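Biologist: I'd like a close look at one part of this model, with whatever surrounds it in the fold. Here is what we're both looking at.

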Amino acid sequence: MDTHHATSHDLLHDEAYAPLPYSPLPDHPVPAGAPALGQRRPLKVFAATLASLMFLVSLVALVIHQSPQTPVTVDNDGPFIEREGRGVAQGVSEKSFLGFSGRRLSFNWTTAMFAWQRTAFHFQPEKNWMNDPDGPLFHMGWYHLFYQYNPDSAVWGNITWGHAVSTDMIHWLYLPLAMVPDRWFDLNGVWTGSATILPDGQIIMLYTGDTNNSVQVQNLAYPANLSDPLLLHWIKYENNPVMVPPAGIASDDFRDPTTMWVGSDGNWRVAVGSLVNTTGIVLVFQTTNFTDFEQLDGVLHGVPGTGMWECVDFYPVSINGLYGLDTSAYGPGIKHVLKASMDDNRHDYYALGEYDPVTDTWTPDDPELDVGIGLRLDYGKYYASKTFYDQVKKRRILYGWISEGDVESDDLKKGWASLQSIPRTVLHDNKTGTHLLLWPIEEVESLRTNSTEFEDVLLEPGSVVPLDIGSASQLDIVAEFEVDNETLEAMVEADVIYNCSTSAGAAGRGALGPFGILVLADDTLSELTPIYFYIAKDTDGSYKTFFCTDLSRSSLAGDDVDQRIYGSLVPVLDDEKPTMRVLVDHSIVESFSQEGRACITTRVYPTEAIYGAARLFLFNNATGVNVTASIKIWEMASADIHPYPLDQQ
């Protein structure tokens with residue numbers, strides 16, 4: 001490890017398939033010679049001379065003062081065409097970002113640019129489209145991840161279940177498709193589902209099927225061979241569906257069953273997301289045999305005006321412990337998390353509250369922080385998340401779907417779309433009592449290689465400091481910032497009404513911010529992605545700290561890519577300093593503040609700041625305060641992700 005003291009410089013102003021003839025019940029043995037479930041064909045002290053520093057200063061001043069990027073001229077082949085986005089007409093959330101149009105590409109992407117965008121240590125299929133994580137579990141030495149997958153194209157459609165296994169959730173092995181849409185009860189898609197591991201080791205998989213008549217129903221599947229560590233073959237229950245839309249629920253507003261839990265009466269329960277008028281709700285069903293389900297009276301919870309709730313998650317967290325809990329855990333010292341993915345805005349909201357196992361209702365601790373109107377798991381591109389309990393390491397693990405931030409035509413050209421986040425541990429934030437702490441699993445640290453550390457770097461107002469670490473496309477960064485306390489206390493008021501998304505981003509200067517890091521930037525700062533803090537002070541002396549990521553100048557590709565500013569308020573307590581951890585992996589940047597109290601995941605598509613040209617900087621664009629930064633950077637190796645050698649078994 002190298003330790004350096006950096007100085008600052010002026011700147012910143014601105015397979016073919018044959019159906020099974022039978023489907024045994026979960027408690028019945030599979031007959032010898034039973035055919036497999038249908039499968040398709042496996043489709044590194046910064047250094048620079050004085051002259052170069054002065055040149056950098058002049059370049060940065062030019063970049064910061066300039067207005068937002070001028071949109072690239074669009075050549076039209078005809079009238080602009082808009083139509084309903086993929087998935088919406090089929091009764092699920094929007095599955096495209098910038099939608100459709102009749103225009104040609106407005107930016108001339110190269111093959112090398114597209115190749116750089118593919119990540120090195122995030123899970124993604126070899127090719128084609130992926131969305132929601134499904135049924136994560138641990139079985140016989142393997143972590144299993146199933147996922148929504150289109151085996152035929154890089155856009156949403158023909159949804160099947162992809163399947164991969166890992167011993168550490170970092171290095172993955174692709175397996176054949178787990179389930180395909182081949183029965184009337186899932187002919188239009190094998191949609192999102194969850195796994196439940198019973199006390200005797202049986203695995204129950206409940207999933208949403210979109211029927212031949214486009215009705216959303218809940219189906220049962222289970223392993224054909226529980227002694228198979230890879231769980232290669234799955235059987236769909238012959239009498240599916242096991243749940244259908246209840247009276248008063250629209251046929252396309254009933255989806256995404258949770259992991260089951262045991263109720264106070266000993267019966268198993270499962271929650272399903274739904275909608276009544278504009279109120280997002282969670283329905284609860286109970287069962288004793290996993291084939292017959294009875295709807296319970298009322299709802300687990302609902303919030304008016306929040307729209308359809310999909311990909312619901314419901315699980316306990318310990319308010320005093322450092323470990324995760326089994327989904328059925330209940331008792332003193334436990335809160336329950338209710339999370340829902342909002343179909344209307346594609347954000348994942350959560351809240352902490354109390355679960356009543358007698359009435360099967362959940363009440364938020366703070367109604368102002370209720371599901372859909374309060375806290376989010378992630379303030380960037382992060383959706384359809386799902387947790388599972390890792391019984392081996394006694395932790396709760398969270399997966400999230402990270403969609404693209406470009407246009408579909410780009411995805412079709414490069415041949416793939418979407419990622420899964422680095423899995424995150426989930427803990428109750430004992431300091432605030434209101435938040436969760438979401439943190440990258442410890443296994444990702446096994447990819448760390450060379451490290452460089454810069455201590456007590458003084459960042460004067462309007463300064464940028466280049467950090468000499470070489471190429472910066474694969475990094476794990478930990479940074480701590482300290483604001484000059486005397487100046488902070490003397491300030492009467494500063495930016496009381498600040499908001500990340502409506503601000504001018506990192507170019508917008510305030511008395512106490514922004515300050516942070518610039519990732520995926522080139523030497524001239526023609527492209528840069530700032531991740532930063534912004535402090536607002538009220539007249540009563542109280543402070544609010546905002547954690548933001550600014551994509552407005554992240555790429556010269558203009559309107560072809562996402563250019564929004566993401567972020568939120570993050571509690572920084574009296575005994576804390578603003579801290580961040582950032583994982584940079586080519587076109588994805590995952591950022592965490594205050595040990596995971598707030599998270600922002602973004603997709604970045606630079607055209608210049610790629611390969612060896614990607615650089616890292618510290619910056620302070622505040623007008624009235626000095627900031628001291630200490631930062632440690634690790635280069636990250638690539639994960640080993642490839643097909644499982646089934647032919648060698």
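How much space lies in the largest pocket? Please start there, then walk me outwards from its lining.

Modeller: Before the pocket, a word on what you're seeing. The model is predicted, so to speak: local features need pLDDT of at least 70, side-chain atom pairs count only at pLDDT 80 or more, and totals for chains, interfaces and linings use all residues. Residues are numbered from 1 along each chain as its sequence is written, and side-chain values use heavy atoms, with hydrogens and water left out.

Now your pocket. About 480 Å³ of space lies in the largest pocket. (A pocket is an open set of points on a 1 Å grid over the protein atoms alone where a 1.4 Å probe fits, with protein on both sides within 12 Å along at least five of seven lines; lining residues have an atom within 4 Å of a point. Points are joined across faces, edges and corners, and the volume is the space filled by probe spheres set on them.) Its lining counts 19 residues, and Leu488, Tyr543, Val572, Leu573 and Glu576 are the ones nearest the centre. If you want to know where the wall comes from, β30, α4 and β33 are the elements that each supply two or more lining residues. (Elements are DSSP runs numbered from the N terminus: helices are H or I with at least four residues, strands are E with at least two.)

Let's follow β30 first. This strand, residues 474-483, is joined by seven bridges to β35, and the two run antiparallel. (Strands pair if DSSP finds at least two bridges between them.) One of the contacts to look up is Gln474, whose bridge partner in β35 is Asp585. β35 itself covers residues 579-585 and is mostly covered, with six of its seven residues buried. (Buried is under 20% relative accessible area, exposed over 50%, and partly exposed in between, with a 1.4 Å probe and protein chains only.) From β35 you can step on to β36, residues 588-593: six bridges join them, again in an antiparallel arrangement. There, Val584 stands opposite Val589 of β36. The two strands make a hairpin with two residues between them, and His586 in that turn has a positive phi of about 55°.

Back to the pocket, and out along β33. That strand, residues 543-550, carries Cys548, which takes us to the disulfide: its partner Cys500 sits in the loop between α4 (485-490) and β31 (515-521), so to say a link of distant parts of the chain, 48 residues apart. The S to S distance for Cys500 and Cys548 is 2.0 Å (the cut-off for a disulfide is a pair of cysteine sulfur atoms within 2.5 Å). The structure holds one such bond. With -60° about the S-S bond, the Cys500 and Cys548 link is left-handed. Cys500 has 2% relative accessibility, so it counts as buried, and Cys548, at 0%, is buried too. For other cysteines, Cys311 comes out at 1% and is buried, and Cys599, with 1%, is buried as well.

While we're on empty space, have a look at the second largest cavity. It holds about 80 Å³ (in a cavity, the probe fits but cannot get out). Its lining has 13 residues, with Val92, Lys95, Asp132, Gln148 and Thr192 nearest the centre. β3 (128-139), β7 (190-197) and β17 (309-318) each give two or more residues to it.

β7 and β3 each lead into a sheet. β7 belongs to an open one of four strands, in the order β7-β8-β9-β10 with antiparallel pairing. β7 and β10 (234-236) are at its edges with a single partner strand each, so one side of each has no neighbour in the sheet. Six bridges tie β7 to β8, residues 203-210, and Ala195 stands opposite Met205 in β8.

β3, meanwhile, is in an open sheet of six strands, ordered β24-β3-β4-β5-β6-β40, with mixed pairing. Its edges are β24 (416-417) and β40 (641-643), each with one partner strand, so each has a side without a neighbour in the sheet. At the β40 end, three bridges join β40 to β6 (172-179), and the pair runs parallel. Tyr174 has Pro643 of β40 as its bridge partner.

One last stop is Gly141, in the loop between β3 and β4 (142-150). Gly141 is partly exposed, at 37% relative accessible area. Its C-alpha is separated by 6.6 Å from that of Thr167, 26 residues apart along the chain.
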